[in-house]
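Trainee: Could we go through this structure together? I should like to begin with how the helices are packed.

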Amino acid sequence: MNAVTERGIHDPVAPEEVDVLQAVFDTVAAERQLHKQSVEALDVARSVIRFYFDGIQDYDTLLAMMRVELAAR
């Protein structure tokens, strides 16, 4: 469990939280021209979810973290 969010990976995700996750994924997928069912897209989805459950839950911050992570790959 994360000390910042006080929630675990198995806690339910509210619809508005899913909207944030989806929006970040869609933006990254479009920027990188990923097919949404590709292996790279799956890796992006995992990273978005990992960052989210690590406490990065704001769209802009989450997107920035994804861009940094992907630039380092």
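Mentor: Let us first fix one term: contact means heavy atoms within 4.5 Å. Please also keep in mind that this is a predicted model.

Trainee: With that settled, what covers the buried residues of helix 1?

Mentor: The cover includes helix 2 and helix 3.

Trainee: And which residues of helix 1 are buried?

Mentor: They are Glu 17, Leu 21, Val 24, Phe 25, Val 28 and Ala 29. Viewed down the axis of helix 1, these buried residues fall within an arc of 130 degrees, so they line one face of the helix.

Trainee: What does the face turned away from that buried side carry?

Mentor: That face of helix 1 carries the exposed residues Pro 15, Glu 16, Asp 19 and Ala 30.

Trainee: How many residues does helix 1 have, and what span does it reach?

Mentor: Helix 1 has 17 residues and reaches 24 Å from its first C-alpha to its last, close to the 24 Å expected at 1.5 Å a residue. Helix 1 is followed by Gln 33, whose phi is positive, near 55 degrees.

Trainee: Turning to helix 3, which of its residues are buried?

Mentor: Leu 62, Leu 63, Met 66, Glu 69 and Leu 70 are the buried residues of helix 3. They cover an arc of only 125 degrees around the axis, which puts them on the same side of helix 3. Helix 1 and helix 2 are among what covers them. On the face turned away from the buried side, helix 3 carries the exposed residues Asp 60, Val 68, Ala 71 and Ala 72.

Trainee: Now the largest nonpolar core: which residues touch the most other members?

Mentor: Of its 17 residues, those are Val 24, Val 28, Val 44, Val 48, Leu 62 and Met 66. Two or more residues each come from helix 1 (15-31), helix 2 (39-53) and helix 3 (59-72). Helix 2 gives the most to this core, with 6 residues.

Trainee: What is Val 48 in contact with, leaving aside its neighbours within four places in sequence?

Mentor: Val 48 is then in contact with Leu 21, Val 24, Leu 62 and Met 66.

Trainee: One last topic: how many aromatic pairs does the structure hold?

Mentor: It holds 1 aromatic pair. The partners are Tyr 52 and Phe 53, arranged edge-to-face, at 5.9 Å centre to centre with 75 degrees between the planes.

Trainee: Are Tyr 52 and Phe 53 buried or exposed?

Mentor: Both Tyr 52 and Phe 53 are buried. As for Phe 51, Arg 50 lies over the face of its ring, at 4.6 Å from the ring centre.

Definitions and conventions
Residues are numbered from 1 along each chain as its sequence is written. This is a predicted model: local features need pLDDT of at least 70, side-chain atom pairs count only at pLDDT 80 or more; totals for chains, interfaces and linings use all residues. Side-chain values use heavy atoms; hydrogens and water are left out. Rings of Phe, Tyr and Trp (its six-membered ring) pair if their centres lie within 6.5 Å; planes under 30 degrees apart count as stacked, over 60 as edge-to-face and the rest as tilted. Buried means under 20% relative accessible area, exposed over 50%, partly exposed in between (1.4 Å probe, protein chains only). A charge sits over a ring if NZ of Lys or CZ of Arg is within 6 Å of the ring centre and within 35 degrees of the ring normal. A nonpolar core is a set of buried Ala, Val, Leu, Ile, Met, Phe, Trp, Tyr and Cys residues joined through side-chain atoms within 4.5 Å. Helices (H or I, at least four residues) and strands (E, at least two) are DSSP runs, numbered from the N terminus. The expected span of a helix is 1.5 Å times one less than its number of residues. The arc is that of the directions from the helix axis to the C-beta atoms.
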